[in-house]
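Open the model in your viewer and keep the sequence panel beside it. This tour says what to select at each stop and what is there.

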Amino acid sequence: MLQSEAVERLVAAARSARERARAPYSNFSVGAAVICADGRIFEGCNIENASYGLTICAERVALFCAVAAGCRDIDAIAIAGPGGEPLSPCGACRQVMLELAPGAQVIMAGDPAPRIRTVEQLLPEAFGNPAPGGTGAA
Ligand code: THU
């Protein structure tokens, strides 16, 4: 569990990443920030494409940046959307969180308070690694 000061710091990082969103098609800017067990923070924003399906969400950008930098232990991810209502991550991002950050706290920035969930709460009865010894199908 992140302390409230760390939650605020991660939310601030997500909000700052949001300012770098590239969202010319939806005009819906999103920022995300992950914190790793070693304290490193990686930020992401949504990046849209004229071929809409190639758009990537802020959460996955932040998670992929962390993994690409060698982080294999992610403690939390904060997400910041427009307005004060907490932004709930899409299904694709939940599936990626399950794989890359299964134990992470998911902090949805909000005013006056963030909503905080576990990945398991957001994606119950998930499909996991089906390989022998994996976490998925029997
Ligand atoms: N988006 C995110 O970046 N994260 C979410 O959790 C929901 C949606 C982006 C994708 C797209 O660029 C825009 O928001 C509208 O769906």
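**The whole chain**

Select the protein chain: with 138 residues, a compact globule would have a radius of gyration near 14 Å, and the chain has 15 Å, which agrees. The radius of gyration is taken over C-alpha atoms, and the globule rule is 2.2 Å times the number of residues to the power 0.38. This is a predicted model, in which local features need pLDDT of at least 70 and side-chain atom pairs count only at pLDDT 80 or more, while totals for chains, interfaces and linings use all residues. Residues are numbered from 1 along each chain as its sequence is written, and side-chain values use heavy atoms, with hydrogens and water left out.

Along the principal axes, the C-alpha atoms fill a box of roughly 45 × 40 × 30 Å. Switch to a cartoon view to see four helices and five strands. Helices (H or I, at least four residues) and strands (E, at least two) are DSSP runs, numbered from the N terminus. Their pattern along the sequence is α-β-β-α-β-α-β-β-α. Of the 138 residues, 40% are buried; buried means under 20% relative accessible area, exposed over 50%, and partly exposed in between (1.4 Å probe, protein chains only).

**Strand 3 and its partners**

Select residues 74-80, which form strand 3. Six of its seven residues are buried, so strand 3 is largely enclosed by the rest of the structure.

Add residues 31-36, strand 1, which runs antiparallel to strand 3 and is joined to it by six bridges. Two strands pair if DSSP finds at least two bridges between them. Ala33 is opposite Ala78 of strand 3, and in strand 2 the bridge partner of Ala33 is Glu43.

Strand 1 and strand 2 pair in the antiparallel sense over five bridges. These two strands form a hairpin with four residues between them, and Gly39 in the turn has a positive phi of about 95°.

Now select residues 105-108, strand 4, which pairs with strand 3 in the parallel sense over four bridges. Gln105 in strand 4 is the bridge partner of Ala76. Add helix 3 (residues 91-100): strand 3, helix 3 and strand 4 make a right-handed β-α-β unit. Right-handed means that, with the strands pointing away from the viewer, the path from the first strand over the helix to the second runs clockwise.

**The ligand and Asn46**

Which residues are around the ligand? Among them are Ser26, Phe28, Val30, Asn46, Glu48, Glu59 and Cys90, each with a heavy atom within 4 Å of the ligand.

Select Asn46, in the loop between strand 2 (41-45) and helix 2 (58-68). Is Asn46 buried or exposed? At 6% relative accessibility, Asn46 counts as buried. The side chain of Asn46 reaches the backbone oxygen of Phe28 at 2.8 Å and the backbone nitrogen of Val30 at 3.0 Å. Both are polar contacts, that is, pairs of N or O atoms within 3.5 Å; within protein, one must be able to donate a hydrogen and the other to accept it, and residues adjacent in sequence count only if both atoms are side-chain atoms.

An N or O atom in the side chain of Asn46 is also 2.9 Å from an oxygen atom of the ligand. Polar side-chain atoms of Glu48 and Glu59 each lie 2.5 Å from a ligand oxygen atom. The protein covers 79% of the 370 Å² of accessible area that the ligand has on its own, by the Shrake-Rupley method with a 1.4 Å probe; for residues, only the protein chains shown count as cover.
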